[in-house]
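Please examine the model shown below alongside its sequence. The paragraphs that follow lead from a particular helix face to the overall arrangement of the chain.

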Amino acid sequence: MCRNIRVLHNFEPPATDDEIEAAALQYVRKVSGATRPSTANEKAFDEAVRAVTAATRTLLDQLVTKAPSRDREVEAAKAKARAAERYGPRAATS
């Protein structure tokens with residue numbers, strides 16, 4: 001799984017179109033093995049991103065859950081705490 005693809009389901013506010021497209025782009029990059037397609041493959045790459053974006057939007061719109069919506073800030077704080085525990089505190093940048 002690509003580290004940059006984040007969970008998009010069950011957040012309040014819901015995932016934006018930009019977040020969904022960014023996840024689709026990361027997925028297509030991972031599957032294709034290319035961060036930037038060649039000119040010959042650009043059309044196929046762009047179409048794949050559009051298709052994955054649409055499929056992801058359809059999936060998110062149709063998923064049902066009884067769990068309460070998650071808060072993005074709370075989830076980000078949890079992720080930072082896990083990272084600090086795993087890797088140690090971040091050094092201050094100047």
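In this predicted model, a convenient starting point is helix 2, whose face turned away from its buried side carries the exposed residues Lys43, Ala44, Asp61 and Gln62. The buried residues of helix 2 are Phe45, Val49, Thr53, Thr56 and Leu60. Viewed down the helix axis, these buried residues fall within an arc of 75°, so they line one face of helix 2. The general geometry of such an element is relevant here: an α-helix has 3.6 residues a turn, so residues three or four places apart point the same way. The partner of the buried residues of helix 2 is helix 1 (17-32), against which they pack.

The length of helix 2 can also be checked. Its 21 residues (residues 42-62), at 1.5 Å a residue, should span 30 Å, and the end C-alpha atoms are 30 Å apart, which agrees.

Threonine 53, a member of helix 2, illustrates the packing in detail. Its side chain reaches the backbone oxygen of valine 49 at 2.7 Å. Leaving aside neighbours within four places in sequence, threonine 53 is in contact with Ile20, Glu21 and Ala24.

Leu60, another of the buried residues of helix 2, belongs to the largest nonpolar core, which has 6 residues: Ile5, Leu8, Ala15, Ile20, Ala23 and Leu60. In soluble globular proteins, nonpolar side chains tend to be buried together. Within this model, leucine 8 touches Ala15, Glu19, Ile20, Ala23, Thr56 and Leu60, when residues up to four places away in sequence are not counted.

The loop between helix 1 and helix 2 contains threonine 35. At 61% relative accessibility, threonine 35 counts as exposed, because the cut-off for that class is over 50%. Threonine 35 nevertheless touches Arg29 and Phe45, not counting residues up to four places away in sequence. The C-alpha atoms of threonine 35 and leucine 25, which are 10 residues apart along the chain, are separated by 9.0 Å.

The description now turns to the whole chain. The protein chain has 3 helices and 0 strands, and from the N terminus on its elements run α-α-α. The radius of gyration is 16 Å, well over the 12 Å that the globule rule gives for 94 residues, so the chain is more spread out than a compact globule. Along its principal axes the C-alpha trace spans about 45 × 40 × 20 Å. Buried residues make up 17% of the 94 residues. Of the contacts with a separation of 6 or more, 69% are between residues 24 or more positions apart.

Conventions: Residues are numbered from 1 along each chain as its sequence is written. This is a predicted model: local features need pLDDT of at least 70, side-chain atom pairs count only at pLDDT 80 or more; totals for chains, interfaces and linings use all residues. Side-chain values use heavy atoms; hydrogens and water are left out. Helices (H or I, at least four residues) and strands (E, at least two) are DSSP runs, numbered from the N terminus. The expected span of a helix is 1.5 Å times one less than its number of residues. Buried means under 20% relative accessible area, exposed over 50%, partly exposed in between (1.4 Å probe, protein chains only). The arc is that of the directions from the helix axis to the C-beta atoms. Contact means heavy atoms within 4.5 Å. A nonpolar core is a set of buried Ala, Val, Leu, Ile, Met, Phe, Trp, Tyr and Cys residues joined through side-chain atoms within 4.5 Å. A polar contact is a pair of N or O atoms within 3.5 Å; within protein, one must be able to donate a hydrogen and the other to accept it, and residues adjacent in sequence count only if both atoms are side-chain atoms. The radius of gyration is taken over C-alpha atoms; the globule rule is 2.2 Å times the number of residues to the power 0.38.
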